[in-house]
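Reader: I should like to learn how the features of a structure are read. Might we work through one together?

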Amino acid sequence: AKVRLTRGREMSQTDTAVTKTFNDMTIIQLSAEDINSEIELLHSDDLLRLVVTEPITNQATGAEMEALVDDGSFPYGSGPLVLPFKMVRGTVNTLLYILQLKERPDDIQAAMDELGDRLITEPVRDSYVIEVRLRLGDPEKARDVLAKVLDVYQRLHIDVFANEKSAPFFEEQKARITRELAQAQNDLKDFRAEHTVSMVEIEEQLLLEQYADAKKVLAQLAETETAVAGEDLDAAIISSLSSQTDSTVVREMQLRMLELLLEQNRVAQSLGPKHPTVISISEQILNTQASLLEAIANTRHITEKKLAASKERLDQLNEIKAGLEEKFKDVQILSGNYEFYANKLEEARIADELAQANISSVKMLASPSLPVNPTAPKKLLNLVLALAGGLFAALALAFGLDYLDHGLKTPEDVEHYAGTTTLASFFNKPGQQLDGREVERLATMLDTIDRGEESKIYEVTSSVGGEDAGHVAEALAGAFSQDGTSGALLVDLTGEIARVRSAEGFSDVLLGDANLDSVFPAGEALAVVGRGAHAQYPSHLWNSTRMQEVMAELLRRYKYIVFNVSPVLQSHDAPRLARHADGVVLVVKSDSTRREVVTRALSMFGEARGKIIGAVLTRRTQAIPSSVYKRI
């Protein structure tokens, strides 16, 4: 099936993040998040639970449905989808249930999990369409179940956007805002009537003009007073006449002084400056000057009182304007809130009506339909392809593992990669005794090498630990002791061999802490001597005269001497002892020790001028059972 998504039916409010303007029209567009949200709704537990618990048809309802569920005998498609999806989740889940690592779900939860796994939803690229598919064994049943899924999805989609509590909430808020708005409007009306707000602007303008005129008069009076109060009377009169003011009294006094000045000048020119008439006029000028100063002071006092009264009234008018603005702003805010809640109430009412009418932005472009060309698994072809693929994969894995494996498995590998002879190979398991016949063959091969010497010293060691070098040394010394002509000596410098009976050992003899006769007993077919009390040998001791004397004495007493030495790459004893030995036997653990490690150990013996006789392979594995191997 295919589902077409649109936006705008449920979402009444617009989001600037998902809107665009085209030809002066606001178009609401979907985003990837909207489509993903619908896909999540299709896979939600609520949807799956409704699908698996509600009947597909009305053939079984009520008590009849409960009976069918209890006995598990209802047919597929006529009741809850519990048993149709009750099948094994796989061997992994079964194993987890048995081991109690995972809780076994009930029938309904198992059906929900199965339905969720079989339900496939994918957005169609570059569109607002979601493709929904359901895969079941029976296509007819799959179509019915998918139709049920889409039906439940449409109902849940409407429920997601529908909010039954929104309309009462917005209605309550609208009523509250209506009351508050009416109160605010009444307060504004009363405030206007109380303060005659209509005349406030005119009165304020007049007061501002009066205030400016008063300030101008005060400035003029100050300038005139400064000019009149000077010592030079003529200059004072001229300055006072040049400083005109808006005060009538002050202006008249200035004109009177001008008349007296002109009369004084005229009389002084005709009668002289000492004439009594000139002197009388001068006295009148001085009196007029005093009267002018007094008039200026009176005028200033009156003007300052007017200025203070204007300023006080202006402050009152400003308070009235501020109160008026606050009242008006309250009315504006409440009006906006009223409009908002009214719109929201209408949107909620429309959304509720859309939900009741089952109208949503989800449209079915294509109802659940059967595939035109149904596919079925081609078992024979898949089996052939699986066999061929498995064969090629097995071959590739075998060649890859062989290429990456650097272990030495066979005598041929030892000869090819290490460049030395394989003296013996043992098919032993950990803790198992070595094959006696193979040990005898090893002793025979060593005995036949370089027959010119009567007594021989052999060093048995390995590259790293855990390669059974101690077992090989012990078995080899036991094989030499079977000769019967003379005894054999096994010197264990590693502490691995349990047959060592005395605490005194080889190191005690070299350092002079023990007598050679007490450590190396005579008359025994096989003498086993340990390392001794000293864990480390001084480096100079290996090439000392004492070492040569001890080795010479041991060669006189024993025909075969076998040293079990620590691994080459873990101790320096093996390369140092190799100079005194007639040959070194390197033990290699089959299919474990890398050939680079064996090559490194052999090169260390070469640097120490030791003679490598050959290698011994241990813990070899047989590709076929030993019972069959013995018969072929």
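Author: Let us begin with a definition: a polar contact is a pair of N or O atoms within 3.5 Å. The model shown here is predicted. At the start of helix H14, a side-chain oxygen of Asp-435 comes to within 3.4 Å of the backbone nitrogen of Arg-437.

Reader: How does one check the span of H14 against its number of residues?

Author: The expected span of a helix is 1.5 Å times one less than its number of residues. H14 has 13 residues and should therefore span 18 Å, and its end C-alpha atoms are indeed 18 Å apart.

Reader: Which residues of H14 are buried, and what do they pack against?

Author: A residue counts as buried under 20% relative accessible area. In H14 this holds for Glu-438, Val-439, Leu-442, Ala-443, Leu-446 and Asp-447. The buried residues of this helix pack against strands E7, E8, E11, E12 and E13, and against helix H15.

Reader: In what order do the strands of the 7-stranded sheet lie?

Author: A sheet is read strand by strand, from one edge to the other. This open sheet has the order E7-E13-E12-E8-E11-E9-E10, with parallel pairing. Strand E7 (422-425) and strand E10 (526-529) each have a single partner strand, so they stand at the edges, and one side of each has no neighbour in the sheet. On average, neighbouring strands of this sheet are turned by 20° against each other, direction ignored. E7 and strand E13 (residues 612-618) run parallel and are joined by 3 bridges; Ala-424 has Val-616 in E13 as its bridge partner.

Reader: Which helices pack on this sheet?

Author: Helix H14 (residues 436-448) does, touching E7, E8, E11, E12 and E13, and its direction makes about 165° with that of E7. Helix H15 (residues 469-480) also packs on the sheet, touching E8, E9, E10, E11, E12 and E13; the direction of H15 makes about 170° with that of E11.

Reader: How does the antiparallel sheet of 4 strands read?

Author: The same reading applies. This open sheet has the order E4-E5-E1-E6. Its edge strands, each pairing on one side only, are E4 (119-123) and E6 (362-366). Neighbouring strands are turned by 25° against each other on average, direction ignored. E4 and strand E5 (residues 129-134) pair over 5 bridges in the antiparallel sense, and Glu-122 has Glu-131 in E5 as its bridge partner. Helix H5 (residues 107-118) lies across E4 and E5, at about 40° to E4.

Reader: How many aromatic pairs does a search of the whole structure find?

Author: The search finds 6. Planes under 30 degrees apart count as stacked, and over 60 as edge-to-face. The rings of Tyr-458 and Phe-480 have planes at 20° and centres 5.6 Å apart, so this pair is stacked. The pair links distant parts of the chain, with Tyr-458 in strand E8 and Phe-480 in helix H15, 22 residues apart. Tyr-458 is buried at 2% relative accessible area, and Phe-480 is buried at 4%.

Reader: What kind of pair do Phe-506 and Phe-563 form?

Author: Their planes stand at 80° and their centres are 5.4 Å apart, so the pair is edge-to-face. Phe-506 lies in helix H16 (residues 506-510) and Phe-563 in strand E11, so the pair ties together parts 57 residues apart in sequence. Both Phe-506 and Phe-563 are buried.

Reader: Which residues do ring pairs link into a cluster?

Author: Phe-169, Phe-170, Phe-340 and Tyr-341 are linked in this way.

Notes:
Residues are numbered from 1 along each chain as its sequence is written. This is a predicted model: local features need pLDDT of at least 70, side-chain atom pairs count only at pLDDT 80 or more; totals for chains, interfaces and linings use all residues. Side-chain values use heavy atoms; hydrogens and water are left out. Two strands pair if DSSP finds at least two bridges between them. Helices (H or I, at least four residues) and strands (E, at least two) are DSSP runs, numbered from the N terminus. Axes are lines fitted to C-alpha atoms, for helices over the stretch in contact, and angles run from 0 to 180 degrees between N-to-C directions. Contact means heavy atoms within 4.5 Å. Buried means under 20% relative accessible area, exposed over 50%, partly exposed in between (1.4 Å probe, protein chains only). A polar contact is a pair of N or O atoms within 3.5 Å; within protein, one must be able to donate a hydrogen and the other to accept it, and residues adjacent in sequence count only if both atoms are side-chain atoms. Rings of Phe, Tyr and Trp (its six-membered ring) pair if their centres lie within 6.5 Å; planes under 30 degrees apart count as stacked, over 60 as edge-to-face and the rest as tilted.
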